[in-house]
Amino acid sequence: MSQEEYLKRVTQYIKNPDVETLDHFKRITSYHSGQYDDDASWQSLDNYATESEACRGIAAGKRHRVFYMALPPSVFLPVAKGLRKNVYTEQGVNRIIVEKPFGMDSESSEKLAKDLGALFTEDEIYRIDHYLGKEMVKNVMMIRFANVFFNQVWDRKYVDNVQITFKEPFGTEGRGGYFDDFGIIRDVMQNHLLQILSLIAMERPISTEAEAIRDEKVKVLKCIPPIVLDDALLGQYVAHGGNPGYLEDPTLKNKASKTPTFAALTLWIQNERWEGVPFILKAGKALDDAKVEVRIQFRNVAGTLYKGSPRNELVLRVQPNEAVYVKFNNKQPGLSYKTIQSDLDLSYEDRYSNLAIPDAYESLILDVLRGDHSNFVRKDELQAAWKIFTPLLHQIGAAGDEIQVKTYPYGSRGPAELNDFVRKYGYDRSDANYEWPRQNVA
């Protein structure tokens, strides 16, 4: 690939760039090719980087290097070894960013961590999960710990259940061969959704320092026992409305695959704050919508004067259209004394002018440059996460008779059993007279 072809590829997705900024970006970015397993290629890259540092007049001691491994897992270690042996600088700081998947289960994850740890220190490793760079996910701590009215009701006495939902409106679309090795649980739930859960459920850290935050995330993850099959609903989409089913993906080799494209999993946190509160993670492909949200449903009002009133809910809309809203009960406007459900709504687009929320990766790469680990996954955090999911994943992988994968039509809400699944954990879908974000009360 030539420099011109490289620039064309990397600039085609830049959103609304001004000409001057784009030209400057093109001048400072370059492409250098080589082989993963060839020392000469890595030494050539080192020479290229050294020449660039000299041309830009960067002083010794400030020649920092960031290596970003957005690569297939099979080449993680060969690339890391090549970088450490040939491109690691002694004249500045080295940082290496590692994209998921961080292994396939507890054993493979620990092996990868051990092998990477032999090459780079934990302080140099940044395991990136781009959901930790999303605006609303970064806002969770502020909502919890900077508002007295939320902080006081954030426990099992007031919270009945928590749902964290991920929906994609498209299927594997020719990626079935890759997806079949991972499934929706490894692809989305063990990482993205569990990271959100840890921020929702953790105790207050002693400070906003990176290690203080990550300490509390690890503590709460260690309180979650492995998921059992009885707390799981698995699904796989089938053809509907002219859209092909998962098993019809031309890249899928195993046409009898039981790999789930949808899963609803209930996790339990065995500590004083959350004992008995179900945390329901839901994720799926080929569903009816594109969204990620957290829905915290509170308990019924004790001894209420207004029978049948819906429960209060706090909803954090991660994407699209970031929003925080509280569903609460209100008198219907006018002469009626009927109780209706309404909301206190903070929709970012309506509230903030000149809103420009950076892409999650922009935010996280800036954190790497600053040396801030707050929004990256620590080794022991990763180990605790895999212990929660590994037994269930091994059961699914064995594809025994006990594994029931329900089908659902492309473009639906998921398996027909989903409503009963969430209802058995206490979720009360009492929103018959509620519309968001606008409601007609005529």
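Two strands count as paired when DSSP finds at least two bridges between them. With that in hand, here are some close-up views of this predicted model.

**View 1. An open sheet of four strands.** Following the sheet across, the strand order is β1-β2-β3-β12, and the pairing is mixed. β1 and β12 (376-377) are the edge strands, each pairing on one side only. Inside the sheet, β2 and β3 (residues 125-128) run parallel to each other and are linked by four bridges. To find your bearings along this pair, look for valine 98, which stands opposite arginine 127 in β3. As a reminder, strands of a sheet pair through backbone hydrogen bonds, either parallel or antiparallel.

**View 2. Helix α4 and the elements that cover its buried residues.** Helix α4 spans residues 76-86. Which of its residues are buried? They are Phe76, Leu77, Val79, Ala80, Gly82, Leu83 and Asn86. Among the elements covering these buried residues are two helices, α3 (39-55) and α5 (106-117). The strands β1 (65-69) and β2 (94-99) also take part in the cover.

**View 3. A salt bridge between strand β1 and helix α3.** Here the side chains of arginine 65 and aspartate 46 meet, with 2.7 Å from N to O. Arginine 65 belongs to strand β1 and aspartate 46 to helix α3, so the salt bridge ties together parts that are 19 residues apart in sequence. Are the two partners buried or exposed? Arginine 65 is buried, at 7% relative accessible area. Aspartate 46 has 19% relative accessibility and counts as buried too, because the cut-off for buried is under 20%.

**View 4. A salt bridge from a loop to helix α10.** Lysine 100 and aspartate 187 form this salt bridge, and their closest N and O atoms are 3.3 Å apart. Since lysine 100 sits in the loop between β2 and α5 while aspartate 187 is in helix α10, the pair ties together parts 87 residues apart in sequence. Lysine 100 is partly exposed, with 22% relative accessibility, whereas aspartate 187 is buried at 13%.

**View 5. Arginine 378 with aspartate 380, and a salt-bridge network.** The side chains of arginine 378 and aspartate 380 meet in a salt bridge, 2.8 Å from N to O. Arginine 378 is buried, with a relative accessible area of 12%, while aspartate 380 is partly exposed at 26%. Elsewhere, salt bridges that share partners join Lys291, Glu293, Arg295, Glu313, Arg317 and Lys327 into one network. Over the whole structure, the count of salt bridges comes to 23.

**View 6. The largest cavity and its lining.** The structure holds four cavities of 30 Å³ or more, and this view is of the largest, which contains about 60 Å³ of space. Which residues line this cavity? The lining is made up of Phe102, Asp129, Gln190, Asn191, Gln195, Val377, Glu381, Leu382 and Ala385. Helices α10 (183-201) and α14 (379-398) each contribute at least two residues to this lining. By residue class, the lining has four nonpolar, three polar and two charged members.

Definitions and conventions. Residues are numbered from 1 along each chain as its sequence is written. This is a predicted model: local features need pLDDT of at least 70, side-chain atom pairs count only at pLDDT 80 or more; totals for chains, interfaces and linings use all residues. Side-chain values use heavy atoms; hydrogens and water are left out. Buried means under 20% relative accessible area, exposed over 50%, partly exposed in between (1.4 Å probe, protein chains only). Contact means heavy atoms within 4.5 Å. On a 1 Å grid over the protein atoms alone, a cavity is a set of points where a 1.4 Å probe fits but cannot get out, and a pocket is an open set with protein on both sides within 12 Å along at least five of seven lines; lining residues have an atom within 4 Å of a point. Grid points are joined across faces, edges and corners, and a volume is the space filled by probe spheres set on the points. Ala, Val, Leu, Ile, Met, Phe, Trp, Tyr, Cys and Pro count as nonpolar, Asp, Glu, Lys and Arg as charged, and the others, Gly among them, as polar. A salt bridge is a side-chain nitrogen of Lys or Arg within 4 Å of a carboxyl oxygen of Asp or Glu.
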